[in-house]
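Dear colleague,

I am handing over the structure named in our exchange, together with a short account of what was found in it. Please read the account with the structure open beside it.

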Amino acid sequence: MQRRLPIGAEIIGDGVHFRVWAPEHDRVAVVIDGEHAEALKPEPDGYRAVFVRGPREGTRYAYR
């Protein structure tokens, strides 16, 4: 997936790509609008990421 930014939430096409650096955590999830939780998958060097279809600019989210 082509990103402009190394970490954070980035709108790409019909969804949002979430990426964080969390080397000390075994699990990380993004919670969208306080309801839907999506697990971030491990990447090299302690990063975790997931692409979620649907969220748009202004959608509230939090990492858990």
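In this predicted model, three strands make up an open sheet, arranged in the order E4-E3-E7 with antiparallel pairing. Strand E4 (36-39) and strand E7 (61-63) are at the edges; each has a single partner strand, so one side of each lacks a neighbour in the sheet. From one strand to the next, the twist averages 20°.

The pairing of E3 with E7 is antiparallel and runs over 3 bridges. Within it, isoleucine 32 has tyrosine 61 in E7 as its bridge partner. Leaving aside residues up to four places away in sequence, isoleucine 32 touches Phe18, Val52, Pro55, Thr59, Arg60 and Tyr61.

Isoleucine 32 also belongs to the largest nonpolar core, which has 10 residues. The other members are Val16, Phe18, Val20, Ala22, Val28, Val30, Leu40, Val50 and Val52. Strand E2 (15-21), strand E3 (29-32) and strand E6 (47-53) are the elements that each give two or more residues to this core, and E2 gives the most, with 3 residues.

A charged residue may also interest you: is glutamate 10 buried or exposed? Glutamate 10, which is found in strand E1 (residues 8-12), has a relative accessible area of 4% and is therefore buried, as this value is under 20%. A polar atom of its side chain lies 2.8 Å from the backbone nitrogen of arginine 4. With residues up to four places away in sequence not counted, glutamate 10 touches Arg3, Arg4, Leu5, Gly15, Val16 and His17.

Yours sincerely

Technical notes: Residues numbered from 1 in each chain as written. Predicted model: local features only at pLDDT ≥ 70, side-chain atom pairs only at ≥ 80, totals over all residues. Heavy atoms only, no water. Helix = DSSP H or I, 4+ residues; strand = E, 2+ residues; numbered from the N terminus. Buried < 20%, exposed > 50% of the residue type's maximum accessible area, 1.4 Å probe, protein only. Polar contact = N/O pair within 3.5 Å; in protein donor to acceptor, adjacent residues only side chain to side chain. Contact = heavy atoms within 4.5 Å. Core = buried A, V, L, I, M, F, W, Y, C linked by side-chain atoms within 4.5 Å. Pairing = 2+ DSSP bridges. Axes fitted to C-alpha atoms, helices over the stretch in contact; angles between N-to-C directions.
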